[in-house]
Amino acid sequence: MMFCLRLLQRSRVASVRSGIKCLSSASKRPLPKKSENEMMVEKSQNIYKNSPTTAKVISFWGASSSLKKGLLFLIAGSFGYIYIKIVYRLYKNSEKQKENVNKVKTYGELSVGGPFELVDTNGNPVTTESLKGKWALLYFGFTYCPDICPEQMEMMANVVDIAQEEHDIEVVPLMVTIDLERDTPQVLAEYVAEYSSKIIGLLGTEEQVDHVCNLYRCYRSKGQAYDDPNDYILDHTVTQYIIDPDGKTVGYFMSNRGLEERVPILLDHVKKYREHKENDQTKTEDTSMFEGIKNFLGFNTTAA
């Protein structure tokens, strides 16, 4: 009887051990592979869970037709082209500005000159505003000057003619008389006509002429008369001033400058002025373009 019980117990233990082995071997078996559709579903669920925006884009792209995809490519390409064009323009402007820094270092307004109002020999007003748009040469002198003024007037007429005939640059020559006692409109008109029909003689009241002389720092002093009270000499500054089309004084000719020096100096100022204007125009175009982009994108909205 005892022997039978032991055999029964051993058989139970053996069956339990064999069951455990089966379970352990079953747990080590590889799980069945998921199908491709199941993997795609699981991946989509993860995308929706972790990044809803990306999932929406992917869903929209997948649901879009070929026409929609083509339009999207076209729009993206257009924005890319605009971006590249803007970057290239900024690069070119940067290079041009670096070049202009070296070329236009000396361009600028002198600390002389300013708004004035005089009249010509016919009584017509001549002001800085009426002269804008043209280059001008301004000289202070008087018709009874024995030698300096005739030399400077002839030099000024030659510079104006060369600039017009050889370089197509219009320059208005101006002579402001500082001798208000003897230089009547008729006397001044006859005097300037001897050198060039282009030269405009300018007159004014004592206050107006003083004002212009102060603006251009023109020194003038009446000398002593001996036998004849009208026979006197005026000392004055012998300088011709270069005025650009904006009405700014940008240069000058001292009396010791010859014709071979004056023309290149004038041409250099014209060149620098044009480069300066082109640079300003480029900046204006870029500003307008960027303002248009900002308005299109809604960046220029202001709070009410």
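A salt bridge, as the term is used in this talk, is a side-chain nitrogen of Lys or Arg within 4 Å of a carboxyl oxygen of Asp or Glu. By that criterion, the structure before you holds 10 salt bridges.

Two remarks on the source are needed. The model is predicted, so local features need pLDDT of at least 70 and side-chain atom pairs count only at pLDDT 80 or more, while totals for chains, interfaces and linings use all residues. Residues are numbered from 1 along each chain as its sequence is written, and side-chain values use heavy atoms, with hydrogens and water left out.

Let me begin with helix H6. Helices (H or I, at least four residues) and strands (E, at least two) are DSSP runs, numbered from the N terminus. H6 covers residues 148–167, 20 residues in total. From first C-alpha to last, H6 reaches 28 Å, close to the 28 Å expected at 1.5 Å a residue; the expected span is 1.5 Å times one less than the number of residues.

Which residues of H6 are buried? Buried here means under 20% relative accessible area, exposed means over 50%, and partly exposed lies in between, with a 1.4 Å probe and protein chains only. The buried residues of H6 are Cys 149, Gln 152, Met 153, Met 155, Met 156, Ala 157, Val 159, Val 160, Ile 162 and Ala 163. In general, an α-helix has 3.6 residues a turn, so residues three or four places apart point the same way. Just after H6, Asp 168 takes a positive phi of about 55 degrees.

Asp 161, by contrast with that buried list, is partly exposed, with a relative accessible area of 24%. Asp 161 forms a salt bridge with Lys 198, the closest N and O atoms being 3.1 Å apart. Lys 198 lies in the loop between helix H7 (185–193) and strand S5 (200–203), and Asp 161 in helix H6, so the pair ties together parts that are 37 residues apart in sequence. Lys 198 counts as partly exposed, at 35% relative accessibility.

A second salt bridge joins Lys 134 to Glu 170, with closest N and O atoms 3.6 Å apart. Because Lys 134 lies in the loop between helix H5 (128–131) and S3, and Glu 170 in the loop between H6 and strand S4 (171–177), this pair ties together parts that are 36 residues apart in sequence.

What is linked to Asp 210 and Arg 220 in a network of salt bridges? The further member is Glu 206. Within that network, the closest N and O atoms of Arg 220 and Asp 210 are 2.2 Å apart. Arg 220 lies in strand S6 (residues 220–222) and Asp 210 in helix H8 (residues 206–215), so the pair ties together parts that are 10 residues apart in sequence.

I turn finally to strand S8, residues 239–243, where 5 of the 5 residues are buried. Thr 239, Tyr 241 and Ile 243 lie on one side, and Gln 240 and Ile 242 on the other. Two strands pair if DSSP finds at least two bridges between them. Strand S3 (residues 135–141) runs antiparallel to S8, joined by 4 bridges, and Leu 137 has Ile 242 as its bridge partner in S8. S8 also pairs with strand S9 (residues 249–254) in the antiparallel sense, over 5 bridges; here Ile 243 stands opposite Thr 249. S8 and S9 form a hairpin with 5 residues between them, and Gly 247 in the turn has a positive phi of about 85 degrees.
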